[in-house]
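This report describes how a protein helix is placed within its fold and how the protein meets a DNA strand. The sequence and structure are shown first.

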Amino acid sequence: MGVKDNDNFFERVYEVARLIPYGRVTSYGAIAKCLGAARSARMVGWAMNACKGRDDVPAHRVVNRKGVLTGKHHFEGTNLMQQLLESEGIEVIDNQIQNLDELFWDPMTEL
DNA sequence: CCTGTGACATAAG
DNA sequence: CCTTATGCCACAG
């Protein structure tokens, strides 16, 4: 329907992001790798920037490799992202996800 | 076609 | 821990 259903890369990022289980997180690089563009981690983040307005995309579950909420500044307010994560049972201290080892969800491994 | 940009990743100091 | 620098790639203008 419409002129273009898929924007490809962006849509794919959103698709993977939607698959992130509740109370879990993943990294930009992991998603990028899952898409076959392991070196385009920045594009994933950029896609997130364009995800504003999409309730289907839990961007708050996507963090950087260290589990740091690097993109929190792109959410409304200053601590919305952290609140969303804590709301799912994820402990966040100083913008960093705790127990990342267990919470990390790898789309390559889990899928 | 070229340039700028960006919520990363990695390395180096 | 911090900042800088480089690579890397998709997209917008």
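## Surroundings of DNA strand C

In this predicted model, DNA strand C is surrounded by Asp7, Phe9, Phe10, Arg39, Ser40, Arg42, Met43 and Trp46. Of the atoms of DNA strand C that come within 4 Å of the protein, sugar and phosphate account for 41%. H1 and H3 are the elements that give two or more residues to the surface near the strand, and the largest share, three residues, comes from H3.

By residue class, the surface near DNA strand C divides into four nonpolar, one polar and three charged residues.

## Polar pairs with the strand

Two side chains place an N or O atom beside DNA strand C, and they do so at distinct parts of the strand. For serine 40, the partner is a sugar or linking oxygen, at 3.2 Å from an N or O atom of the side chain. For arginine 42, the partner is a base nitrogen, and the distance to an N or O atom of the side chain is 2.4 Å.

## The two sides of helix H3

Helix H3 spans residues 41–49, and its buried residues are Val44, Ala47 and Met48. Seen down the axis of H3, these buried residues fall within an arc of 105°, so they line one face of the helix. An α-helix has 3.6 residues a turn, so residues three or four places apart point the same way.

The buried residues of H3 pack against helix H1 (9–19), helix H2 (28–34) and strand S2 (62–63). On the other side of H3, Arg42 and Trp46 are exposed, and both residues are also among those that surround DNA strand C.

Notes: Residues numbered from 1 in each chain as written. Chains lettered and ligands numbered in written order. Predicted model: local features only at pLDDT ≥ 70, side-chain atom pairs only at ≥ 80, totals over all residues. Heavy atoms only, no water. Buried < 20%, exposed > 50% of the residue type's maximum accessible area, 1.4 Å probe, protein only. Helix = DSSP H or I, 4+ residues; strand = E, 2+ residues; numbered from the N terminus. Arc of directions from axis to C-beta. Contact = heavy atoms within 4.5 Å. Near = heavy atom within 4 Å. Polar contact = N/O pair within 3.5 Å; in protein donor to acceptor, adjacent residues only side chain to side chain. Nonpolar A, V, L, I, M, F, W, Y, C, P; charged D, E, K, R; others polar.
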